[in-house]
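Hi,

Here is the structure I promised to pass on. Have a look through it first, and my notes follow underneath.

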Amino acid sequence: REGNKINPFWATLIFFLRVDDCIILIKGLYLNYLMNILYVSYSGLGKGGAEVSLDLLMCELSKKHNVYVASSQDFPVIRTLLYKGFRLLPNYYIQNKYLEKFLVKQIKKYKIDIIHSNDRLTTIASITAAKKTGIPVVSHYRDYWFVCPKSSSYNGKKNVKVCSTKCLFTCSNYKRFLWDLYKLNYVQSHWKTLNQADVKIAISSTIKNKLELCKISNSVIVPNPVKLDHLERRKGNGDKVKVLFLGKLHKNKGIQNMLDIIDFDKVDFLVAGYGPLEEFVKQYPVKFLGWVDPKVAYVQADIVVVPSLWEEPFGRVVVEAMSFGIPVIASNLGGLKDIVIDGKTGYLVDPEDKIKWKEKILCLVDNPELREKMGNEALKEVKKYDIKVIANIIEEVYLKCVE
């Protein structure tokens, strides 16, 4: 537009372009570099925390770049390129060959600049497809699948550095042993392939350390994001202090330890989740919320406990709780110890030290001023996990790769 007149050149050009082409053109006018980014995820949105983190990242970067996702299931907002045949294939070798061929086709069709894999079932194929087409590849490590067939590195009694055949005898039952052994050997035989990714992203220092044990080197730590659209503290209503546990009701989450130490006369213990220990939990005088929208649980809580016995790769519950201004008491394991600042935004405690857990819970229960102070510090600290901050970090990673 020139004054009150429409420039005839732009009017003619836009008339003959499709709507999506116009969007790309307009983006290109305002951006220094417009990338075509292909994400790869086996599961779609709604499966778990990894998919939530991926969806937040894709939605944020789609404001500036052309974003696609290859998946066996749909992502509602982002253009999804489905590979449904993957589910029917009998083993990892054939699955990876099928997915590699599919990805090579999409890379060429959509002129992809960079590919970004997000889980155990897509990473190897993404790397080999990228190498065949000559584009950079980013691998995101959100759990321990590269060292453990169960992706947990926890055998029910202790945390294991790197899984082995000997370890499988202690944690795999006879029905799954051969399958777990196959998975373990297949992944270990591809550690060199995993190391070929241009960038390896680890969501915590614990994952980075385990990658290095497998000689998968030079990973960068980028935590999972959250969408900060509230950032306000819950207002107490004058009744008993409310302590919240949110997560799967499984022994490795440590819920059974909390039931032994919570003073039910002094606090309301809220339990949000589901799992094999559900009936056991209901035997205690807890306020059972079931599997609810986490926001419904957080707005009721004064303190959040995360007593995991296994090394949580990250700890989304901690970050989400902090975004509501809630102090968190967590196990000093895995990614949890990267997030909680001991004595400032909450406390870190040995998961088996029930005396110390009880002491720290009572400390916060009896000190509303301390809860307030820690909650305010949590609100400050959590801003570095905002999706806008994380997306900018990852965008810089991409730009360095495609220079």
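To start with a question: over the ring of which residue does the charged end of Lys360 sit? That would be Tyr347, with the charged end 4.3 Å from the ring centre. Bear in mind throughout that this is a predicted model.

There's a second case of this kind of arrangement: Lys210 has its charged end over the ring of Tyr144, at 5.3 Å from the centre.

While we're on rings, the structure has 21 aromatic pairs. One aromatic cluster is worth pulling up on your screen: it is made up of Tyr42, Tyr83, Phe86 and Phe102.

Now the sheet. It is an open one, built from six strands with parallel pairing, and the order across it is S10-S9-S8-S11-S12-S13. At the edges you'll find S10 (287-290) and S13 (346-349), each of which pairs on one side only. On average, neighbouring strands in this sheet are turned by 20° against each other, ignoring direction.

If you want to zoom in on one pairing, try S8 (residues 241-246) with S9 (residues 267-272): the two run parallel and are joined by six bridges. Leu246 is a handy place to look, as it stands opposite Ala272 in S9.

Last, what lies across S8, S11 and S12? Helix H13 does, covering residues 316-323. S11 spans 303-306 and S12 spans 328-331, and the helix runs at about 170° to S11.

Shout if anything looks odd when you open it.

Cheers

Technical notes
Residues are numbered from 1 along each chain as its sequence is written. This is a predicted model: local features need pLDDT of at least 70, side-chain atom pairs count only at pLDDT 80 or more; totals for chains, interfaces and linings use all residues. Side-chain values use heavy atoms; hydrogens and water are left out. Two strands pair if DSSP finds at least two bridges between them. Helices (H or I, at least four residues) and strands (E, at least two) are DSSP runs, numbered from the N terminus. Axes are lines fitted to C-alpha atoms, for helices over the stretch in contact, and angles run from 0 to 180 degrees between N-to-C directions. Contact means heavy atoms within 4.5 Å. Rings of Phe, Tyr and Trp (its six-membered ring) pair if their centres lie within 6.5 Å; planes under 30 degrees apart count as stacked, over 60 as edge-to-face and the rest as tilted. A charge sits over a ring if NZ of Lys or CZ of Arg is within 6 Å of the ring centre and within 35 degrees of the ring normal.
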